Structures are given as structure tokens and as C-alpha cells.
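Biologist: I am new to this structure and would love a close look at a single part of it. Could you pick the place where two helices pack and walk me through it, along with what lies around it?

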Amino acid sequence: MVDRQRSRYVGGAEGAPPLPPPGGYAGAARARGGLDAAAGLPQASGATYTDPSAVARKQGVNALGLAAISATAIFAVILLLLMLAGGTDALYGVTLLVLQLAIIALIVAALLTPRGRMLGAIALAVSLVFNVATVGAMGALQSAANQAYDGTKSEQQRHEEAYPAVKDHSPQDALSGPSLEEVQAEGDALMAAIRTRVSERFGYTWVQNGTADVSPERNGYGGESMLQKYTSTVWTTEQPVQDDARKREVMQVIGEVLVERGMSDLYSLNQVGTGISPDMVAKLYGSTEPARQHTWEYYSDTYPDPLRFYAYAYDLSNDPTGEFRTQREAIATQTGEPLEGIQLVVFARRVLPEADRAEFEQRLQEYPGF
């Protein structure tokens, strides 16, 4: 009897104890549970135990990070669309500022959770680049470049901006004076007469350079008027004129033509006592003494008509530093004109093209108090 019990206990040939009976030994589960409990370990059971609060935290973290990156991306797209549409003023509205603060709070909440930290960091990087401040600044630069400030202007300001004349200048002067086309024709005829007279007296030949420029005048209210600013092409002698006595003779001949055509005699701008300080004279013309100046500048006009006439004498022999030569070379590279010699140019301000006369008068009726 004893041998049979011992054989049941010994079991296999290797002497190892047999497998426990189905369901385990009686009291084993209770004993293990007591040991685990004493050690502070979770107790084992037939089913896996999951803490419901842990599941909720895990799902909440994923949703928070996803919400942060999604909201940031959508907000960045909205800001860019507003900027491209020219809504610079809307970028600094209360609504967008509140949304920006809400998104920041969402990003901070995502950064405080372990599983949402990565998406929160990405959202933070995006928000640092695309936010109300940075996108608003880019929009302001774009508005400044395009002069697009309509969103911040009142109806009165937009009305003034469309003023067809120029502030503080009577539009009747443009209507009663010569048109743009008449100024161009008069200037061309004037310079032709001067070139002919100077060539006959001194044998100089001339070269024409540059192109005539016609551009709108600013109206003084932030917009462009219908009046134009005109600058003619320039004519320059192909021969240098470096002798002071010859320069004066040439200017005297030019003055004769001007007076014959009803214009004022030439007025020297490069001499001290003409309303310009001595320091500015030296800066503009190279010296306060005409004999040492690299530039002589003379002026005449048809006041009150708009045509203005300028005659220059460029002389590189009075350029000891070489700075003026560098300036002239830069201009010659652009226009092709000679570096030195006698130069003629016509200029006019606030002239009206003949084709715009009717529209100009019609639009002026909207500004009776201007």
C-alpha cells in the first residue's frame, strides 16, 4: 500500500513530480493571492484586468494631440487665405485673436500629456510660423507694396483718393494751360532751336539719349491724379566743353533763344546766393567756386505755364577725386549719353492729356469743395 502511494507521488522515470491535477491543488489560488497581496502585486485571475480610467486616459491623449494639430493647420490655412485676399485688417480682428488663444491652450494641453506630446510639439512649431502676428506682418508688407489699404479707409478717404487733380493746386491751371501734347511739342521745338543756334556758333554736334517719360502725378490724398509729369529725352553735345569762358558763351546763346521764344532768361543754380546754402552748393556741384565745379546748372521756365527748361555743363576736368566720373559713367551705361558736354532737357508738371480733358472736367464736379 505504501509502495503504491509512493509510486503515484514519484510519477515519471526522471523523478520529477507529476503535473498538478485538473483545477490545481486545493487552496493554491488562495495562497498565491495572499502572497501577491502581501507583496503589493496585482492578483492574477483567469481574465485579464484592464483599468477603465487608463483606457479613457489613453483615448483622451490621442484625441487631444490630433485636435491640436488639426486646429493649428486649419487656422494657418485661414490666415494665409485672408492674407492673400488682402484682408490685412481682418487678421487683427477680435475673432481671430480669440481663436489663436484657444488653439494655444489646446496645444499646451496636448504637450502636458505623454502620448499627445509629439503632435502638440508639431502643432506648436506650425503655430510659431503661422500666427496672427507673423501672417499679419506679411499681409501689412504686401498691402504696403500694393498700396492696398482699402479695408481700413472710410468712404470719405476713398473719395479723396480718387481726386483727379492735385491737392493745393487749382485744377483750372491745368484746364487753361497747355496740354501735355502741347508741352511736348513746345519743348521739342525749343531744344531744336537751341541746338541749331549753338551748332552754328560753335560747331558742336548733338546726340539724343534716353526716352521721354510720362507718369501720373500723385494727388496729395494717397492716390494718383489724371494730371501727368513729363520729362523729355536729353540732348548732349558730343564734344566736351571745359573752358569757363566758352561755357558762359554757350549759356548766353541759349539764353538768347529762350528770350526770343518768350521764356525767362537763364538763371544759374550752381552759384552761392541763389537760395541754396554754400554747403549744399559744394555737395551738388563739387565746389562753391564755378571755376572748380564739375557741373553748371541753369534754369528757365514759362511761368505760369508748366514748361521748365534745364541746361547743364558737365566738366570732368574739375573732378579731382573721380567720384563724379563714376556717377557719370553709371548714368552713361544706362542712357548711352556722353560723359561730359552741354546737355539740354525739358520738364513739366501737372499737365493734362488732351484726350482726358472731358473726363477730368466731369470728375471734378464730384469735388465742389476741393
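Modeller: Happy to; what follows starts with the whole protein, moves to one pair of helices and then visits some residues around it.

Please keep in mind that this is a predicted model. The protein has 14 helices and eight strands. Of its 370 residues, 34% are buried. Its accessible surface is about 21900 Å², and carbon and sulfur atoms hold 57% of that. Among contacts with a separation of 6 or more, 71% link residues 24 or more positions apart.

Now to the pair itself. Helix 10 covers residues 180-202 and helix 11 covers residues 244-260; their axes are 10 Å apart and meet at an angle of about 140°. An angle over 145 degrees would count as roughly antiparallel, so helix 10 and helix 11 are instead oblique to each other. The crossing of helix 10 with helix 11 is right-handed. On the side of helix 10, the contact is made by Leu190, Ala193, Ile194, Arg197, Val198, Arg201 and Phe202. Helix 11 brings Arg246, Glu249, Val250, Val253, Ile254, Glu256, Val257, Leu258 and Glu260. Sorted by class, this contact has 10 nonpolar and six charged residues, with no polar ones.

Helix 11 is also home to Asp244. With a relative accessible area of 17%, Asp244 falls under the 20% cut-off and is therefore buried. Beyond its neighbours within four places in sequence, Asp244 is in contact with Pro290, Ala291 and Trp296.

From there, let us look at Gly341, which lies in strand 8, residues 341-351. Gly341 has a relative accessible area of 0%, so it is buried. Although Gly341 and Val241 are 100 residues apart in sequence, their C-alpha atoms are 5.3 Å apart in space. Val241 is also one of the residues that Gly341 touches, and the others include Thr236, Thr237, Gln239 and Pro240, as well as Tyr312, Ala313 and Tyr314. Strand 8 contains Arg350 too. Arg350 is not a glycine, yet its phi is positive, about 55°. At 26% relative accessibility, Arg350 counts as partly exposed.

A loop offers a link back to the residues of helix 10. Thr302 sits in the loop between strand 6 (295-301) and strand 7 (307-314). Its relative accessibility is 12%, so Thr302 counts as buried. Thr302 touches Glu186, Met263, Leu307 and Arg308, leaving out residues up to four places away in sequence. Pro304 is placed in the loop between strand 6 and strand 7 as well. The peptide bond that joins Tyr303 and Pro304 is cis, with omega about 5°. For context, most peptide bonds are trans, and most residues other than glycine have a negative phi.

Asp168 also has a positive phi, near 65°, and is not a glycine. Asp168 lies in the loop between helix 8 (155-161) and helix 9 (171-176). Here the relative accessible area is 71%, so Asp168 is exposed.

One last stop is Val108, in helix 5, residues 94-111. Val108 counts as partly exposed, at 42% relative accessibility. Val108 and Gly65 are 43 residues apart in sequence and 9.9 Å apart in space, from C-alpha to C-alpha.

Terms used: Residues are numbered from 1 along each chain as its sequence is written. This is a predicted model: local features need pLDDT of at least 70, side-chain atom pairs count only at pLDDT 80 or more; totals for chains, interfaces and linings use all residues. Side-chain values use heavy atoms; hydrogens and water are left out. Axes are lines fitted to C-alpha atoms, for helices over the stretch in contact, and angles run from 0 to 180 degrees between N-to-C directions. Helices (H or I, at least four residues) and strands (E, at least two) are DSSP runs, numbered from the N terminus. Angles under 35 degrees count as roughly parallel, over 145 as roughly antiparallel, 65 to 115 as roughly perpendicular and the rest as oblique. A crossing is left-handed if the near helix is turned anticlockwise from the far one by less than a right angle, and right-handed if clockwise. Contact means heavy atoms within 4.5 Å. Ala, Val, Leu, Ile, Met, Phe, Trp, Tyr, Cys and Pro count as nonpolar, Asp, Glu, Lys and Arg as charged, and the others, Gly among them, as polar. Buried means under 20% relative accessible area, exposed over 50%, partly exposed in between (1.4 Å probe, protein chains only). Accessible areas come from the Shrake-Rupley method with a 1.4 Å probe; for residues, only the protein chains shown count as cover.
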